[in-house]
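Me: Please take me through this model by question and answer, with the reasoning set out before each result.

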Amino acid sequence: MPLTLAALLLAAAIAFFIIFGRREARLAASARHSILDPSKDVLDAGKIEIDSCGFPKLDGTFRGRSFRVGLIPDTLTFRRLPQLWLDVTMKRSLPVDGSVAILIRPTGADYFSLTDRWNERLEPPANFPEMCLIKGDGPGARHILERIAPYVANLLHDPYFKEIAITPRGIRIMHQLAEGKRGDHLILRQIVFENARLNPEDLEDVIAAVLEVENLLLNVKLVSAA
Amino acid sequence: MNQTTAVHGEKISLLRVLGPAHVWALGVGIVLVGEYMGWNFAVGKGGAIAALIACWAAGLLYTCVAMIDSEVTSTVAAAGGQYAQSKHIIGPLMAFNVGLYLVFAYTMLEAANAITLGYLVQTVGQMAGFADAQDKPFIVLSIMFLAWLNYRGVYATLTVNLVLTAIAFIAVVILFVAVKPWSTELLNHKEILNGLPYGWIGVLASLHFGLWYYLGIEGTCQAAEEVRSPARSLPLGTMAGIMTLLIAATMTWYLCSGLMPWEYLGQATTPLFDAARLTSSTPLMVLLFVGTMFSTLASANGCINDASRAWFSMGRDRYLPTWFGAVHPKNRTPFRSIVFLVPVALTFAYFAPLDQVITFSILSGLLGYTYMSVQVIFFRQMWPLDTIKRGYVHPFHPIPALVLLTICSATYFAVFLGYGTQLIAMMVFFIVASLWFHFHRYKYVRRGDQFTMNWPRPQGY
């Protein structure tokens, strides 16, 4: 009899936790889906969709340029709290004959970084901070770096800044948007970006940086080593 | 930007960074499973008193680990723990070995968790009248299910899971109170305790499983990405965890050693659940069943996560075929590493006894700790205090390193006393793996990419 009672209690507890857990999961998903909502109006015709990881992505235009704003949950570095990276990409063809990616504080597991794709390693300019990995591709890579270096050096000193990449197809800046809660990660390796949200002014700052880099590159007809 | 942890560039006190949930997490979350199983094999090696001495000696070992790890971690800004540290301080061959230590320590712990879970389900099933209940299907099921969860990458979070894991800790406290430690109604230490049946050599032999109480607690020293926080540099968080575990371990030891004779306790698979059974209280049995289930599941989940990430990093660094460094395009998980390690965990969980699986896990951890003691001596010689900035400087160097090395050496001897074959097998494995790396794999490693810190040239080079 006591065993039956215990089994019943256990079943009731499991049922309670399943119902409660599903409600919690729904609330967590809803909070995650709305991370970009505050910044939707920064882009003209801004459209939010949910990606395969359950995080939102925003597409739209800013001053006639096409932008994509995405979120990358990063849990792949051993002994580091989960990170939520903000990816702001301007999609347009640029008059450059090369590509450059500048990654700050590389860990070796930065799978999202474009430094991963190219083999040519470039020396950081003198005013760049420590722990900077710069990789390029194509004959114009060094020249692109020289042109943007004075401006990008300031960006790199922002502790939230992660990467800037320039390719003939556009410009991308990655920022840290949120860091996972320590307790949830330590106990269950769960990823909780509590109260994560993208404020409009923050998105505008990143877009302004992208446009400034674009301006630096467009000031010459062809950014090339030739 | 809206941050969940506002640590950037601020001077932050430990108390501001660590809320109650964090302190709980630091103290018991990861290694709580050590209270539920495994520690009691130390009793079998030298008696209950020896196990308690071993528990406290292991606490000293982990205090040294916390101090040393905090200093080096505060300097190597790139996250990655000992693996990243070894790349910078010694080189690729050492990093390859440290990566393997981590993978094996976690994979064997995962297998040990699955064995315990399977055994518990079998025991409870038989108590409930299912005489034919078997542990093997549950072992396989738990590993496969958790691997699938990790493969999918569960971004949803459930507070309820934290509650259930908290129950695992509360269950120990409730059981401790329920056995009325102030009376001799249930506990019978006077009759059951038998001193040191094998003398001091038994105490030494117990040291082996004494490490189990804390194995992996240095993992609580997590990097807050990007700008290093003062809290991360401080060893106090890990120290608080060690102290919490010392208290929990002593409570566990006290109630188990007062309920069960050492001959039984020393070979039990689920000592806390068995203690609850001896109280004849059904609610306590249910509570400890739930506690054991969730502590093993939570631990196994963390192990799959950490082992796969260490294996993934080794693939990314070309220490292993780069095929392992792939990220799932949709789930953004290191799916190949997760899948590859499943049969390894299954093989050990299915075919090896619990004490041997635990021994492999402890040995892998022990190799890592031994390396830490050597590493910090190299580190201080190559980059003295005034050459690079440190977030934390551990005191009394080189005493903690020497104490750590001494306790590690004693523990190797302890392992040799009971598990000499396993010790030799593991050493042979690491030697063969190192030879493979040196003569075959090393040519694929991009040496320029290994050193990501802008440190000055080391002294003497």
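**Burial, pairing and turns**

Reply: In this predicted model, helix 7 of chain B is largely enclosed by the rest of the structure, because 31 of its 36 residues are buried.

Me: What distance separates the end C-alpha atoms of helix 7 of chain B?

Reply: Helix 7 of chain B covers residues 92–127, and at 1.5 Å a residue its 36 residues should span 52 Å. The expected span is taken as 1.5 Å times one less than the number of residues. The separation in the model agrees with that expectation, the end C-alpha atoms being apart by 52 Å.

Me: Which residue with a positive phi follows helix 7 of chain B?

Reply: The phi in question is near 105 degrees. The residue that carries it after helix 7 of chain B is B:Gly129.

Me: Which residue in strand 4 of chain A stands opposite A:Val69?

Reply: Strand 4 of chain A, residues 83–91, is largely enclosed, because seven of its nine residues are buried. It runs antiparallel to strand 3 of chain A, residues 65–74, and nine bridges join the two. Across this pairing, the residue opposite A:Val69 is A:Val88.

Me: Which residue of strand 9 of chain A is the bridge partner of A:Gln83?

Reply: Strand 4 of chain A also pairs with strand 9 of chain A, residues 170–179, in the antiparallel sense over nine bridges. Within strand 9 of chain A, the partner of A:Gln83 is A:Glu179.

Me: How many of the seven residues of strand 1 of chain A are buried?

Reply: Strand 1 of chain A, residues 44–50, is joined by five bridges to the antiparallel strand 2 of chain A. Strand 1 of chain A is nevertheless hardly covered, and its count of buried residues is zero.

Note on methods
Residues are numbered from 1 along each chain as its sequence is written. Chains are lettered from A and ligands numbered from 1 in the order in which they are written. This is a predicted model: local features need pLDDT of at least 70, side-chain atom pairs count only at pLDDT 80 or more; totals for chains, interfaces and linings use all residues. A residue is buried if 20 or more other C-beta atoms lie within 10 Å of its own, exposed if 12 or fewer, and partly exposed in between; C-beta atoms are placed from the backbone. Helices (H or I, at least four residues) and strands (E, at least two) are DSSP runs, numbered from the N terminus. Two strands pair if DSSP finds at least two bridges between them.
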